[in-house]
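Subject: Structure handover

Hello,

Here is the structure for you to load. Please open it before you read on.

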Amino acid sequence: MDKGSRTYGPSDTEYADVLDVLCQVEQGTVDELGLLELSDGEECLHAIKCSISKPKSKDSEDGELGQILVGTKHIYVRVVTGLESKVQYRVPYRQVTRWDVRDCSHRRMKRVGSDALLHEVVLEFDWYWKIHPTGSVANIRVASPGTIHIFVKKSERKRYQGHDAWYAVVEQLVKLMRSHQPNGMEEDQQDEEERAMQVQQGIESIVDEFYRNSRISSMPLGQSGKERMECFQVYPFCSLRGSLEIGADTVVFRPYCSDRLGRVRIKKSEILLVRKRPYIVDCNACEIYFGRRASVFFVFEHEEDATRLVQRLKEFARYTMIQDVGYIQRLWLEDSVSNFQYLMYLNDLAGRSYKNIHRYPVFPWVLSDYTSDSLNLRSPNVYRNLSKPIAALTEKKAMHGLEMYQALKESNVEDPWMFGSHYSNPGIVVFFTVRQNPKLMLKLQGGSFDHPNRMFRSIPAAWASVSSASGSDVKELIPQLYDPQAGLQILRNNQYISLGGDFGHLKKVILPPWATSIEEFLEKMRLALESDHVSSHIHAWIDLVFGIHARGEGAIKHHNVFHYMTYDETATKHLDKAKEDAAQHRALLMQAQEFGRSPDVLFKASHPRKKARESRSRLSKLLGSCFCGVPPLAK
């Protein structure tokens, strides 16, 4: 670590301030690029600002500002019709009947300034999907043919070699898709799968050639003092492929799809923390915290590249993370760190991050009373039994899980399970954060919100669903529901999202009777988490999620066995077996992403119980600096 670096322990006076700085993550360029509009499994090849028009005459030079997004399965056209509203088209490549690129450097557009034009693209299609940016209704298929004229300005010209390659790649994708269209006759499943595999292989071949022509070439360290490595910058449900450039003073990510949008530039002096992260089943990612309330998440093809980046940057990081879980455990037992801080630390050490929606931080439901008019936090009757997993809170659920396990075992299933649903997965994160990030719900649900009765509309209803004797709802909570600051964003409907049904534009989530406001609800939730009762019982929940009862015989005994694809060790085993079958391997990988990921096991022995040391002064101090962030740093 360089001379200007410091390490902070939990007792340091700057400790809470450091955690507060690192508490928020930026979504930023996701909305700017419109990546969430891409269909499942689709990659963004090019994003460019332009002028778009449907001219009345051939010589019309009037147009609207807009954006083109070139995906691997569709071409997306976004037209700005006002300050905020946008009309969007998603055209499948197999429906494109004309893709004509013309030089128009001699022309100028009246409505977009005097900037000279580079190209005019004529896009004709048989039908398209009309995307409603408000998300109030599902995407609509418009069957009528259409024509869109796209004008690209010279100022948007790509700066690296192959800047015009996207014109050619669209033409190739159109030819590929149209040549593999269904012939109108009924296909059996084998023929359909074979055609889909041929299309996928063709797309991969075209994309690889595109990147070979257009990417910034790799430059070994030493030639110019810079090192470049290829990676993906990952957002929830989408990613950007690009080049990460490590210079003398900066770290710069340049996406291949755009010269301007999505670029990230970090001064080394601003780097606060560098963490190696798992992504899906491989430990091939790196998260960099920098500036104020910002972090970026990069995924590499090989784990060695992620390790190399961490080694290169950790000497510039202001803080380092404590890797000794026993040290932090002792601090927690001594009351030097709060329950919230301790759980955040365990989540981090188990590879969970706000930027990784597949491995999002998980917190327990600690209360069980959401219907009373008042809440007595000193009564044990208002708390959940933390010694039972969320999937087996009732005897009926526990027996159902055991019966499922025995039936699968008798059927010679290699890795039987008790519960097919997981307590932490992308769907749960989207469920709780729909008011803060509605586009994630639209992405997950194919362009529309979920059924109103399945939306996050009520705290009492959410707990009733989880604690009912029947049903498959096993969701735990996310940290924001114990944070009086971050929780405001997920409980208030600041974007006036219509939930549909009888709830309409519900101003806020329905609260328990004992909370008259969101602020009061969040404060009591945090007080409950830090209460004497939870402090002396949370060790049992830690054993179930991060400890000896999360795997093996301990998990079976405590009815805590989930689908085998939620565990890294068994998921890796099944993925390795399916390597020769591309379709099966892809299906298993999709399951690993959607089913949720179980945290890494951090403890090989029972977690010690914390003695009761509650004091109102300590709780007041905790609530005076509430945050939702990175766990304790280095000793």
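Below are notes on confidence, helix packing and cavities.

Confidence first. This is a predicted model. The chain averages a pLDDT of 81, and 78% of the residues score at least 70. Among the elements of the chain, helix 15 (residues 538-545) has the highest mean pLDDT, at 98. Helix 1 (residues 15-21) has the lowest, at 43. Two stretches deserve a flag. Residues 56-61 have a pLDDT below 50, and the model gives this stretch 7 contacts beyond near neighbours in sequence. Residues 620-635 stay under 50 as well. For that second stretch, the model has 69 contacts beyond four places in sequence.

Now the helices. Helix 7 (residues 339-349) has two packing partners to look at, helix 15 and helix 6.

Take helix 15 to begin with. Its axis and that of helix 7 come within 12 Å and cross at roughly 10 degrees. Angles under 35 degrees count as roughly parallel, so helix 7 is roughly parallel to helix 15. Helix 7 brings Tyr-342, Leu-343 and Leu-346 to the contact. Helix 15 brings Ile-538, Trp-541 and Ile-542. By class, that contact has 6 nonpolar residues, no polar and no charged.

Helix 6 (residues 325-333) packs against helix 7 at about 170 degrees, with the axes 10 Å apart. The cut-off for roughly antiparallel is over 145 degrees, so helix 6 is roughly antiparallel to helix 7. On the helix 6 side, the contact uses Val-325, Ile-328, Gln-329 and Trp-332. On the helix 7 side, it uses Asn-339, Tyr-342, Tyr-345, Leu-346 and Leu-349. These residues divide into 7 nonpolar, 2 polar and no charged. Tyr-342 and Leu-346 of helix 7 appear in the contact with helix 6 and in the contact with helix 15.

Last, the cavities. The structure holds 6 of 30 Å³ or more. The second largest has about 50 Å³ of space. What lines it? Arg-384, Pro-389, Ile-390, Tyr-423, Glu-476, Trp-541, Leu-544, Val-545, Asn-560 and Phe-562. By class, this lining has 7 nonpolar, 1 polar and 2 charged residues. Trp-541 is part of the lining, and it also belongs to the helix 15 side of the contact with helix 7.

Best wishes

Terms used: Residues numbered from 1 in each chain as written. Predicted model: local features only at pLDDT ≥ 70, side-chain atom pairs only at ≥ 80, totals over all residues. Heavy atoms only, no water. 1 Å grid on protein atoms, 1.4 Å probe; cavity = no way out; pocket = protein on both sides within 12 Å on 5 of 7 lines; lining within 4 Å. Points joined across faces, edges and corners; volume = space filled by probe spheres on them. Nonpolar A, V, L, I, M, F, W, Y, C, P; charged D, E, K, R; others polar. pLDDT = per-residue confidence, 0-100. Helix = DSSP H or I, 4+ residues; strand = E, 2+ residues; numbered from the N terminus. Contact = heavy atoms within 4.5 Å. Axes fitted to C-alpha atoms, helices over the stretch in contact; angles between N-to-C directions. Parallel < 35°, antiparallel > 145°, perpendicular 65-115°, else oblique.
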